[in-house]
Amino acid sequence: MREKITRLFVAAAIAEACSWLALLIGMAVKYGPPGNEIGVKIFGPIHGALFVAYGLLVLAMARLHRWRLWPTLVALACAVPPFATLFFERWAARRGMLRTAAEPDRPLTPVG
């Protein structure tokens, strides 16, 4: 279960950033020369759903991986600026915050 939630969190972080890109393109088309709102109408709800999913998965990850309050708040705040979820996910992976119980902290060495 823990590994599945972690994989979902990583996928949600990437998908949320991609939906930001799509929404920004949709807004450029809406307010640019074509003046067509179809991009915002399509990608707005998709981005909203991924935003909520990312937030819920952050809370699940904080509980499962026992994150402290500060990284949890930073992860939640990273859903607001475009593409920040990608940076947080990479940062958390480097710090070992996404490790599952099956992954050792360091490589195993033979004894004897």
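# Helices, core and domain contact

Reader: In which loop is the place of Phe 83?
Author: The model discussed here is predicted. In it, Phe 83 sits outside the helices that flank its position, in the loop between α3 and α4.

Reader: Is Phe 83 buried, partly exposed or exposed?
Author: Buried residues have under 20% relative accessible area and exposed ones over 50%. Phe 83 has 29% relative accessibility, so it falls between the two cut-offs and counts as partly exposed.

Reader: What is the phi of Phe 83?
Author: Most residues other than glycine have a negative phi. Phe 83 is a residue other than glycine with a positive phi, near 70°.

Reader: Which residue in the loop between α2 and α3 has a positive phi although it is not a glycine?
Author: The residue has a phi of about 55°. With a relative accessible area of 73%, over the 50% cut-off, it is exposed. The residue in that loop is Arg 66.

Reader: Which residue with a positive phi follows α4?
Author: Helix α4 covers residues 84–94. The residue that follows has a phi near 80° and is Gly 96.

Reader: Are the buried residues of α4 on the same side or on opposite sides?
Author: The buried residues are Ala 84, Thr 85, Phe 88, Glu 89 and Ala 92. They cover an arc of only 135° around the axis, and therefore they lie on the same side of α4.

Reader: Which exposed residues are on the face of α4 turned away from its buried side?
Author: The buried side of the helix packs against α1 (2–31), α2 (38–64) and α3 (69–77). The face turned away carries Phe 87 and Arg 94.

Reader: Is Glu 89 buried or exposed?
Author: Glu 89 lies in helix α4, and its contacts beyond four places in sequence are Phe 9, Val 10, Ala 13 and Leu 98. Its relative accessible area is 6%, under the 20% cut-off, so Glu 89 is buried.

Reader: What separates the C-alpha atoms of Glu 89 and Ile 42?
Author: The two residues are 47 residues apart along the chain. Their C-alpha atoms are separated by 26 Å.

Reader: With which residues is His 47 in contact, leaving aside its neighbours within four places in sequence?
Author: His 47 is found in helix α2. It has 9% relative accessibility, which is under 20%, so it counts as buried. Its contacts are Glu 16, Ser 19, Trp 20 and Leu 23.

Reader: What is the relative accessible area of Phe 9?
Author: Phe 9 lies in helix α1. Beyond its sequence neighbours it is in contact with Tyr 54, Leu 57, Val 58, Met 61, Trp 67, Phe 88, Glu 89 and Leu 98. Phe 9 is buried, and its relative accessible area is 0%.

Reader: Which element gives the most residues to the largest nonpolar core?
Author: That core has 18 residues, of which Phe 9, Tyr 54, Trp 67 and Phe 88 touch the most other members. The elements that give two or more residues to it are α1, α2 and α4. With five residues, the element that gives the most is α2.

Reader: Between which domains does this core lie?
Author: The core takes residues from both parts of the divided chain, so it lies between them. These parts are domain 1 (1–30) and domain 2 (40–96).

Reader: How much area do domain 1 and domain 2 bury between them?
Author: The C-alpha centres of the two domains lie 9 Å apart. The contact takes 21 residues from domain 1 and 23 residues from domain 2. Of the area buried, 79% is on carbon and sulfur atoms, and the total is about 2,100 Å².

Reader: Which three residues supply 31% of the area that domain 1 buries against domain 2?
Author: No other three residues of domain 1 supply more of that area. The three are Phe 9, Glu 16 and Trp 20.

Reader: How far apart are the end C-alpha atoms of residues 42–62?
Author: An unreviewed UniProt entry places the feature "transmembrane region" at residues 7–30, 42–62 and 69–88. In the model, residues 42–62 are 100% helix and 0% strand. Their end C-alpha atoms are apart by 31 Å.

Reader: What percentage of residues 69–88 is helix?
Author: The end C-alpha atoms of this span lie 15 Å apart. Strand makes up 0% of the span, and helix 70%.

Notes
Residues are numbered from 1 along each chain as its sequence is written. This is a predicted model: local features need pLDDT of at least 70, side-chain atom pairs count only at pLDDT 80 or more; totals for chains, interfaces and linings use all residues. Side-chain values use heavy atoms; hydrogens and water are left out. Helices (H or I, at least four residues) and strands (E, at least two) are DSSP runs, numbered from the N terminus. Buried means under 20% relative accessible area, exposed over 50%, partly exposed in between (1.4 Å probe, protein chains only). Contact means heavy atoms within 4.5 Å. The arc is that of the directions from the helix axis to the C-beta atoms. UniProt positions are given in the numbering used here, feature names are shortened, and annotations may be inferred rather than shown by experiment. A nonpolar core is a set of buried Ala, Val, Leu, Ile, Met, Phe, Trp, Tyr and Cys residues joined through side-chain atoms within 4.5 Å. Domain bounds come from an automatic or database domain assignment. Buried area is the accessible area (1.4 Å probe) that two parts lose on being put together, summed over both.
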